[in-house]
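Work through the exercises below with the sequence and the model open. Each task is followed by a solution in steps.

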Amino acid sequence: SSSANLMTATLRSLFAARNAFLAARTRLFCNESGKKLSDEYLAELVKKDKIVVFMKGIPSQPMCGFSNAVTQILRMHGVDNYASHNILEDDELRERMKEFSDWPTFPQVYFNGTLIGGCDIMLQMHRNGDLVQELDLLGMRSTLQDEDNQ
């Protein structure tokens, strides 16, 4: 009986700690309207790295052709160091990013916190050379630029 009481007290303590954690997490990520992923939080998320990609899957295993194309374009330019967020794992993030960016599709690519666009725009920038210049502005040298100079 005493071990059952101890187990009950331990479980109550664990649940209380869990509830306190969840409440603190909610306060951290919520704005006044109660949206879990506030605009302020998302604004920080897109600025966290020089390049941030919201995509279906992860760079080593994209889950759609458009996300794959963006990762391949970045890879062709020698860009491997960027933040990525798998929107298939988080429904709320997927829906909030559509609202935050006012862009309905994925992938969404951000440079220094500014939405560049999706696959079509990245492909266009790659083809016309603008991506080399944009990477240069980020302080990143495209490996294609090196190949052009040889």
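**Exercise 1. Two residues with positive phi**

Does Asp102 count as exposed or buried, and at what relative accessibility? Locate Asp102, then treat Asn112 in the same way.

Solution. The model is predicted, so the values that follow are computed from predicted coordinates. Asp102 is in the loop between α4 and β5. Its phi is near 55°, a positive value in a residue other than glycine. The relative accessibility of Asp102 is 70%; the cut-off for exposed is over 50%, so Asp102 counts as exposed. Asn112 is in the loop between β5 and β6, and its phi, near 50°, is also positive in a residue other than glycine. With a relative accessible area of 48%, Asn112 is partly exposed.

**Exercise 2. A cis peptide bond**

Find the loop that holds Pro107 and describe the peptide bond that leads into this residue.

Solution. Pro107 belongs to the loop between α4 (91-101) and β5. The bond from Phe106 to Pro107 is cis, and its omega is near 10°.

**Exercise 3. The sheet**

Give the strand order of the open sheet, identify its edges, and describe how β1 pairs with its partners.

Solution. Start with the order: the open sheet has four strands, arranged β4-β1-β5-β6, and its pairing is mixed. The edge strands are β4 (83-86) and β6 (114-117), each of which pairs on one side only. From one strand to the next, the twist averages 25°.

Next, take the partners of β1. With β4, β1 runs parallel, and four bridges join the two strands; Val52 has Ala83 in β4 as its bridge partner. With β5, the pairing of β1 is antiparallel over four bridges; here Val53 has Val109 in β5 as its bridge partner.

Then add the helices. Helix α2 (residues 39-47) packs on the sheet and touches β1, β4 and β5, with its direction at about 115° to that of β1. Helix α5 also packs on the sheet, where it touches β5 and β6, and its direction makes about 80° with that of β6.

Last, look at burial. Five of the five residues of β1 are buried, and the strand is mostly covered. Ile51, Val53 and Met55 point one way from β1, whereas Val52 and Phe54 point the other way.

**Exercise 4. The aromatic pair**

Search the whole structure for aromatic pairs and classify what is found.

Solution. The search gives one pair. The rings are those of Phe54 and Tyr110, with centres 5.8 Å apart and planes at 80°. Planes over 60 degrees apart count as edge-to-face, so this is the class of the pair. Phe54 lies in strand β1 (residues 51-55) and Tyr110 in strand β5 (residues 108-111), so the pair ties together parts that are 56 residues apart in sequence. Both Phe54 and Tyr110 are buried.

**Exercise 5. Two helices in contact**

Describe how α5 and α6 are packed, and list the residues that meet.

Solution. Helix α5 (residues 119-128) and helix α6 (residues 130-137) have their axes 5 Å apart, at an angle of about 100°. Angles of 65 to 115 degrees count as roughly perpendicular, so α5 is roughly perpendicular to α6. On the α5 side, Met122, Met125, His126 and Asn128 take part, and they meet Asp130, Leu131 and Glu134 of α6. Sorted by class, this contact has three nonpolar, two polar and two charged residues.

Note on methods. Residues are numbered from 1 along each chain as its sequence is written. This is a predicted model: local features need pLDDT of at least 70, side-chain atom pairs count only at pLDDT 80 or more; totals for chains, interfaces and linings use all residues. Side-chain values use heavy atoms; hydrogens and water are left out. Rings of Phe, Tyr and Trp (its six-membered ring) pair if their centres lie within 6.5 Å; planes under 30 degrees apart count as stacked, over 60 as edge-to-face and the rest as tilted. Buried means under 20% relative accessible area, exposed over 50%, partly exposed in between (1.4 Å probe, protein chains only). Axes are lines fitted to C-alpha atoms, for helices over the stretch in contact, and angles run from 0 to 180 degrees between N-to-C directions. Angles under 35 degrees count as roughly parallel, over 145 as roughly antiparallel, 65 to 115 as roughly perpendicular and the rest as oblique. Contact means heavy atoms within 4.5 Å. Ala, Val, Leu, Ile, Met, Phe, Trp, Tyr, Cys and Pro count as nonpolar, Asp, Glu, Lys and Arg as charged, and the others, Gly among them, as polar. Two strands pair if DSSP finds at least two bridges between them.
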